[in-house]
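Biologist: I would like a close look at one part of this protein, namely its nonpolar core, and at how the surroundings relate to that part. Could you take me through it in one connected account?

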Amino acid sequence: MAILDKELNELIEARVNELVERRLAELTGKKSRTKRLAIAVVSRGTIDAAYAALILATTGAALEMEVGVYFSFFGLNILKKGNQDHLQVVPLGNPAMPVAMPNIVSMLPGMTAFATMMMKKTIKEKKIATVPELLEIALESGVKLWPCQMAMEMFDIKKDDLIEGLPAPVGAATFLEFAGDADITLFI
């Protein structure tokens, strides 16, 4: 009887070890999914909105994240052909401007152009990537730069009006499905 108990214990122990090893192999053998970053609704077509979204998107891609950015309303101007070098900074109502500027001054003709010129000068002096360069890096890195289908229809923007290499325009449901599985979701 002691021989049977010993054999039975050895069989049970061997079977338990086998099950544990199999489960460990399953757990360690599974490839974890890529982290996902969703940047929601770039709705302003300004240089500061473009930089915020594109720097975060390209950094996420450099960190090997799957990145999707949803451009809607005036944010579509960032994606329109020929617009990237003409995006502006709007000082009116922007209390965070580096040089404090009363609204009465910032609404004078030429102040948006002046603020934009100063911003672009700083970008060049500091050797910061330009918006066209960041867009190129984003596309080369596999960042999904999604134009909003509804906003395109609203503003009569055609796919041919947008820069090359973009995915097909999508609706909010497509972006929300992507964002629903995101590890990080940001609103710009």
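Modeller: In this predicted model, the largest nonpolar core has 46 residues, and those with the most contacts inside it are V42, V69 and L145. Several elements feed into this core, since at least two residues each are supplied by strand 1 (36-42), helix 2 (47-62), strand 2 (66-71), helix 4, helix 5 (131-140), strand 3 (144-147), helix 6 (149-154) and helix 7 (172-180). The largest share, eight residues, comes from helix 2. As a general background, nonpolar side chains tend to be buried together in soluble globular proteins.

V42 serves well as a point from which to look around. Once its neighbours within four places in sequence are set aside, V42 is in contact with A49, A53, V69, Y70, F71, S72, G75, I78 and I188. Among these partners is V69, which is itself named with V42 and L145 for having the most contacts inside the core.

Strands 1, 2 and 3 also carry charged residues, and these deserve a careful look beside the core. The side chains of E66 and R36 meet in a salt bridge, with 3.1 Å from N to O. Because E66 lies in strand 2 and R36 in strand 1, this pair ties together parts that are 30 residues apart in sequence. R36 counts as buried, at 14% relative accessibility, while E66 is partly exposed, with a relative accessible area of 24%. The side chains of K144 and E66 meet in a salt bridge too, at 3.0 Å from N to O, and this pair links distant parts of the chain, with K144 in strand 3 and E66 in strand 2, 78 residues apart. K144 counts as partly exposed, at 26% relative accessibility. R36, E66 and K144 are thus linked in a network of salt bridges.

A search of the whole structure finds seven salt bridges, and one that involves loops is formed by K81 with E164, whose closest N and O atoms are 3.5 Å apart. Here K81 belongs to the loop between strand 2 and helix 3, and E164 to the loop between helix 6 and helix 7, so that the pair links parts of the chain 83 residues apart. K81 is partly exposed, with a relative accessible area of 41%, whereas E164, at 62% relative accessibility, counts as exposed.

Nonpolar side chains are also found on the surface, where V90, L92, I104, V105, M107 and L108 form a patch with about 540 Å² of accessible area together. One of its members, M107, is found in the loop between helix 3 (103-106) and helix 4 (111-125), and M107 counts as exposed, at 55% relative accessibility.

To place the core within the whole, the protein has seven helices and four strands, which follow the pattern α-β-α-β-α-α-α-β-α-α-β along the sequence. Its radius of gyration is 26 Å, well over the 16 Å that the globule rule gives for 188 residues, so the protein is more spread out than a compact globule. Along the principal axes, its C-alpha trace spans about 100 × 35 × 25 Å. Buried residues make up 31% of the 188 residues, and among contacts between residues at least 6 apart in sequence, 74% join residues at least 24 apart. The accessible surface comes to about 12,000 Å², of which 61% belongs to carbon and sulfur atoms.

Note on methods:
Residues numbered from 1 in each chain as written. Predicted model: local features only at pLDDT ≥ 70, side-chain atom pairs only at ≥ 80, totals over all residues. Heavy atoms only, no water. Patch = residues over 30% accessible without salt bridge, like charges linked within 9 Å, V, L, I, M, F, W, Y side chains within 5 Å. Areas by Shrake-Rupley, 256 points an atom, 1.4 Å probe, with all protein chains shown as cover. Salt bridge = Lys/Arg side-chain N within 4 Å of Asp/Glu carboxyl O. Buried < 20%, exposed > 50% of the residue type's maximum accessible area, 1.4 Å probe, protein only. Core = buried A, V, L, I, M, F, W, Y, C linked by side-chain atoms within 4.5 Å. Contact = heavy atoms within 4.5 Å. Rg over C-alpha atoms; globule rule 2.2 N^0.38 Å.
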